[in-house]
Amino acid sequence: MPLKLLKLSALVLLTIHCNLAYADSFFVSQQPTKYAENGDHIIPLVYVKNMEYYNKRQTDAYTQKITEWLSFEPNMIITPNESMADYYLVPKLIKSKIEQINYENSRFSMSVGLELWSKGGILINKEQQNRYIIIENNEDTQQIAKKLVQKLLKEAVGNFAVKVKNNQLL
């Protein structure tokens, strides 16, 4: 009887040891893991925060667009629940400035950034896009700014998605 119990406990320990699940994330790991060899991995949950302006104000006007752009990314899941997220994506309008060149034209410059933060408060990665364009002084600057923000955010999200796909974060 004790011999059978010893064999059974050895079999149970061997079974448990062989089937352990290892938690891993493609954002943090640089070395291939046991799961990477088998093709298995854990897909992280990412929460998209509201866009922060350079004066610390926030808007949710672009959150839905960023969520849509990243929703088809197979290496991450965008979650609407902030408390469930493993990572936070923070879009920022870093700079928006108009400088008059002459009485007809002005230079409109803008800088937009995306920051990926871990749940523990560690900055994982940054992506930044900068542009300047020449506009006529009689044009609607609010419409131009809205279009330029969307364009720069789309480019930053695209570059971020490529980094995620290529496992280059860190």
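Strands β5 and β6 (residues 105–118) pair up in the antiparallel sense, with 13 bridges between them. Keep in mind that this is a predicted model. β5 keeps turning up in what follows, along with one of its tyrosines, Y88.

**Around strand β5**
- A hairpin of four residues takes the chain from β5 into β6.
- Y87 has S118 as its bridge partner in β6, and V46 also stands opposite Y87 of β5.
- β1 runs parallel to β5, and three bridges join these two strands.
- Strand β2 (residues 51–53) pairs with β5 as well, in the parallel sense and over two bridges.
- Within β2's stretch of the chain, Y53 stands opposite L93 in β5.

**The aromatic pair**
- How many aromatic pairs does the count come to? Just one.
- It's Y47 with Y88: the ring centres are 6.4 Å apart and the planes sit at 85 degrees, so this pair is edge-to-face, given that anything over 60 degrees earns that label.
- The pair links distant parts of the chain, with Y47 in strand β1 (residues 45–48) and Y88 in strand β5 (residues 87–100), 41 residues apart.
- Are these two tyrosines buried or exposed? Y47 has 18% relative accessibility, so it counts as buried, the cut-off being under 20%.
- Y88 counts as buried too, because its relative accessibility is 13%.

**Charges over rings**
- Y88 has a lysine for company: K49 lies over the face of its ring, 4.9 Å from the centre.
- Elsewhere, R107 puts its charged end over the ring of Y132, at 4.0 Å from the ring centre.

**The chain as a whole**
- You'll find four helices and seven strands in the protein chain.
- Reading from the N terminus, the order of elements is α-α-β-β-β-α-β-β-β-β-α.
- Of the 170 residues in the chain, 32% are buried.
- Among contacts with a separation of 6 or more, 61% are between residues 24 or more positions apart.
- The chain exposes about 11,400 Å², and 54% of that comes from carbon and sulfur atoms.

**How confident is the predictor?**
- The average pLDDT for the protein chain is 82, and 80% of the residues score at least 70.
- Where does the pLDDT drop below 50? That happens over residues 20–38, a stretch that still has 27 contacts in the model beyond near neighbours in sequence.

Technical notes: Residues are numbered from 1 along each chain as its sequence is written. This is a predicted model: local features need pLDDT of at least 70, side-chain atom pairs count only at pLDDT 80 or more; totals for chains, interfaces and linings use all residues. Side-chain values use heavy atoms; hydrogens and water are left out. pLDDT is the predictor's confidence in each residue, from 0 to 100. Contact means heavy atoms within 4.5 Å. Rings of Phe, Tyr and Trp (its six-membered ring) pair if their centres lie within 6.5 Å; planes under 30 degrees apart count as stacked, over 60 as edge-to-face and the rest as tilted. Buried means under 20% relative accessible area, exposed over 50%, partly exposed in between (1.4 Å probe, protein chains only). A charge sits over a ring if NZ of Lys or CZ of Arg is within 6 Å of the ring centre and within 35 degrees of the ring normal. Accessible areas come from the Shrake-Rupley method with a 1.4 Å probe; for residues, only the protein chains shown count as cover. Two strands pair if DSSP finds at least two bridges between them.
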